[in-house]
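Biologist: Please put the structure up, and then let us go through it together.

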Amino acid sequence: SGWVMAAISSQWGLRNAPTEAREVPEVVAAAVKRWGGAQLQFASPELQGDRQLVLAAVRSQRDALQHASHMLAAVVQQGEALQHASHALRADKEVVLAAMVQHGDALQYASDALRADKEV
């Protein structure tokens, strides 16, 4: 669709997209895939709470880390992906552990309960 193309054409595409485009999972997923997990900040609150989309955003950074020239940006974006997730997802152990695999500092964005969990 035109919204998908706009969302991936520029790192600012999703930010500048109409509200209704930010509510379409495929549009947000395309932006996350192309520009990284930090794109979640521009998604609708409902999609920021979508477990699969947030896991995809967190895991998208793993692919970016394979390219040394993108390593710093990927690590920074990794933490941002969890930061912009819903409270429920920041309390989801699987989501937080996936973020921490790529960036240990992502724990700072986890729920209080997970930050206190000795297994995390």
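What follows is a short exchange of questions and answers.

Modeller: This is a predicted model, in which local features need pLDDT of at least 70, side-chain atom pairs count only at pLDDT 80 or more, and totals for chains, interfaces and linings use all residues. Residues are numbered from 1 along each chain as its sequence is written, and side-chain values use heavy atoms, with hydrogens and water left out.

Biologist: Where in the protein is confidence lowest, by element?

Modeller: pLDDT is the predictor's confidence in each residue, from 0 to 100. Its mean over the protein is 75, and 82% of residues reach 70 or more. Residues 63-77 stay under 50. Helix α8 (residues 112-116) is highest at 93, while the lowest mean is 50, in α5.

Biologist: How many helices and strands does the protein have?

Modeller: Helices (H or I, at least four residues) and strands (E, at least two) are DSSP runs, numbered from the N terminus. The pattern along the sequence reads α-α-α-α-α-α-α-α. The secondary structure is 8 helices and 0 strands.

Biologist: What share of the contacts with a separation of 6 or more is between residues 24 or more positions apart?

Modeller: Contact means heavy atoms within 4.5 Å. Residues 63-77, the stretch under pLDDT 50, have 13 contacts beyond four places in sequence. For the protein, the share asked for is 47%.

Biologist: Which residues touch the most other members of the largest nonpolar core?

Modeller: Such a core is a set of buried Ala, Val, Leu, Ile, Met, Phe, Trp, Tyr and Cys residues joined through side-chain atoms within 4.5 Å. Buried means under 20% relative accessible area, exposed over 50%, and partly exposed in between, with a 1.4 Å probe and protein chains only. Buried residues make up 41% of the 120 in the protein. The largest core has 30 residues, and those touching the most other members are L14, V28, L40 and V54.

Biologist: Which elements give two or more residues to this core?

Modeller: One core member, V28, is among the buried residues of α2, with V27, A30, A31 and V32. Not counting residues up to four places away, V28 touches L14, R22, L40, A43, L47 and L53. The elements asked for are α1 (2-9), α2 (25-35), α4 (51-65), α5 (71-83) and α7 (93-102).

Biologist: Why are the buried residues of α7 on the same side?

Modeller: The buried residues of α7 are V95, V96, A98, A99 and Q102. The arc is that of the directions from the helix axis to the C-beta atoms. They sit on the same side of α7 because they cover an arc of only 160°.

Biologist: Is A99 buried or exposed?

Modeller: A99 lies in helix α7. Its C-alpha atom is 5.5 Å from that of V58, 41 residues apart along the chain. At 0% relative accessibility, A99 is buried.

Biologist: Which residue follows α2 with a positive phi?

Modeller: The loop between α2 and α3 contains G37. G37 is buried at 0% relative accessibility, with its C-alpha 6.8 Å from that of S60. The phi asked about is near 105°, and the residue is G36.

Biologist: Which residues does S44 touch beyond four places in sequence?

Modeller: S44 lies in the loop between α2 and α3 (45-48). At 10% relative accessibility, S44 counts as buried. T19 is 25 residues away in sequence and 7.6 Å away, C-alpha to C-alpha. The residues that S44 touches are R22 and E23.

Biologist: What distance separates the C-alpha atoms of H84 and Q48?

Modeller: H84 is in the loop between α5 and α6 (87-90). Beyond four places in sequence, H84 touches A38, L40, Q41 and Q48. H84 and Q48 are 36 residues apart along the chain, and their C-alpha separation is 6.8 Å.

Biologist: The charged end of R34 sits over the ring of which residue?

Modeller: A charge sits over a ring if NZ of Lys or CZ of Arg is within 6 Å of the ring centre and within 35 degrees of the ring normal. The charged end of R34 is 4.2 Å from the centre of the ring, which belongs to W35.
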